[in-house]
Amino acid sequence: MLRETVRQLHRELIETGLEGLHRISIALVDEAYLRTYVDSTEGIQPLKHHSIPLEKSPSLSALVRQKKTRIVDDYSSYLRQCRGKASAWLRESQLHSSYTIPIFFQNNFLGFIFFNSCNKAFFNPLTVATLDDTVKSLRESIIHERTLFDNIVSLSKFSEKASEIRDECTAMHCGRLTTLTRIIARHVVQHCPVTDREVYYLIKFSPLHDIGKIGVADDILLKPGRLTAEEFREMKRHVEYGMTMVDAACDGVVKQHEAYRIIRTLISEHHEMLDGSGYPEGLKGEEISLFSRIVTVSDIFDALTSDRPYKKAWTLEQALTELQAMADHGKLDPLCVEALQQYFDQPDAQQRFTLFREEARMCA
Ligand SMILES: [Fe+2]
Ligand SMILES: [Fe+2]
C-alpha cells in the first residue's frame, strides 16, 4: 500500500515538472533499527537489503533529537569521510543532493522520508514548497501503515507469550527458528528477487508458523513418545488451527497488509515439500512460496538437532547431510540448504551450533 502511494506520488511529481527528483524512499524504525521500507528510485539501481541501528548514524540521530529536516546540496564533500553501504551506494548512484524529513506521530519517531536528486542543490526553497503536500500525504500513509503493522506485531507478541505459557519447548523452537530463518534469508536474497520488506516480515513473523499448536491437546502436543497415526493426524491440524486463529485476530484492513499475507503463507505451507509429499495440500515446487521453503528448512534443521523423548539430537554433520539428501531427493529447496551448509562451514560454526543445541536440550 505504502509502496504504491510512493510510486504514484513520485510519478505525479515528475509529470508536474520535478524531473530532477530521482528518488523517494522511506525508511522506518523498528527495535532501534532503521530499515529501507520503500524505494521508488528511477533509473538507478536501488539500495537493497540495508538496515542500520539508528544510533550508528550520528547525522540522522541528530535530526530525530532536534526534530529537524535536512537539506544537503552536494554530497561529494559530505560523503568523502563516510563509510558504510548507504554512503558507498550514494557515491556510486551519483545522487548529489537530498532532502530528509523525520516523521513523528504522537511524539514517537516512525522513520524518515528521503528525497534525492542527481542534480546538485536541487532542493531549493521553491522545490521544498512544492513537495509540501507530498510530505503531508506520505506522513499520513506512514502513520496508517504503522498502525496496521502495530496490530500485527501485537498479535505476534500475544502468540509468543501464549506459546511460552503453554509449552516452553515450542517457544524456544520459535526463537531458534528466527535465527535460522535470518541465516537462510541472508543467503537467498542474493539470488532471488525479494524485497527488504518481505525479508523483514519473514524473519520477524517466522515464529508464528506454529501458532496453531496452541489448539492441539496436551496429551498429543506434550506426549513423551512417538505419536500414533491418529495422534499425528491431529497434530497436523495445527496448520488449520493456526490459519483460523490468524484470520480471527486480523480485521479486514489488517488483512490487506503484506505482513498478514506472509504470515498466513508461512502457517499454511511450512509443512509442504517441493515433491508434493508434504501437508496439508501436497503443494509442489513453485506452488510453495520461497518464504515457506526457507522456514521449512529452518524448521527441519531445528527438529533434527533437538533432543526428543524418542530420539537424541543429531550432530551438525548428520543434520546437514540429511538436509542435503532431502534437497537431492527434491523435497527441500537446494538454495536454502546451501545457505546453512555455507553458514556452518565457517571456522566458528561448531561453537555457534553448540550454543543452539544446548538451548534445544533444555527441553528434552
Ligand atoms: Fe508446524
Ligand atoms: Fe515448527
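This is a short walk through a predicted model of a protein chain, from its domains to its sheet and then to its packed helices.

Let us begin with the overall layout. The domain assignment splits the protein chain into domain 1, covering 2-145, and domain 2, covering 167-361. Between the C-alpha centres of domain 1 and domain 2 there are 36 Å.

Next, find the sheet. Strands of a sheet pair through backbone hydrogen bonds, either parallel or antiparallel. Here you will see an open sheet of six strands with antiparallel pairing, in the order β3-β2-β1-β6-β5-β4. At its edges are β3 (51-53) and β4 (70-72), each of which pairs on one side only. If you follow the sheet across, the twist averages 25° from one strand to the next.

Now zoom in on one pair of strands. Strand β1, residues 23-30, runs antiparallel to strand β6, residues 108-117, and six bridges join the two. A good place to look is S25, whose bridge partner in β6 is F114. The sheet also carries a helix: α2 (residues 58-66) packs on it and touches β4, β5 (97-105) and β6. The direction of α2 makes about 45° with that of β5.

From here, let us move along to the helices. Two packed helices are described by the angle between their axes and the distance between the axes. A helpful one to locate is α7, residues 168-188, which packs with α13, residues 290-304, at an angle of about 130° and with the axes 9 Å apart. Because of that angle, α7 is oblique to α13. Their crossing is right-handed. On the α7 side the contact is made by H173, R176, L177, L180, T181, I184, A185 and V188, while α13 brings L290, I294, V295, V297, S298, D299, F301 and D302. Sorted by class, the residues in this contact of α7 with α13 are ten nonpolar, three polar and three charged.

Helix α7 has another partner to visit. The axes of α7 and α8 (residues 196-205) come within 8 Å and cross at roughly 155°. Angles over 145 degrees count as roughly antiparallel, and α7 and α8 are therefore roughly antiparallel to each other. In this contact, T178, T181, R182 and A185 of α7 meet V199, L202 and I203 of α8. The contact of α7 with α8 has four nonpolar, two polar and one charged residues. As you turn the model, look for T181 and A185 in α7: they take part in the contact with α13 and also in the contact with α8.

Methods
Residues numbered from 1 in each chain as written. Chains lettered and ligands numbered in written order. Predicted model: local features only at pLDDT ≥ 70, side-chain atom pairs only at ≥ 80, totals over all residues. Axes fitted to C-alpha atoms, helices over the stretch in contact; angles between N-to-C directions. Helix = DSSP H or I, 4+ residues; strand = E, 2+ residues; numbered from the N terminus. Parallel < 35°, antiparallel > 145°, perpendicular 65-115°, else oblique. Left-handed = near helix turned anticlockwise from the far one by under 90°. Contact = placed C-beta atoms within 7 Å. Nonpolar A, V, L, I, M, F, W, Y, C, P; charged D, E, K, R; others polar. Domains from an automatic or database assignment. Pairing = 2+ DSSP bridges.
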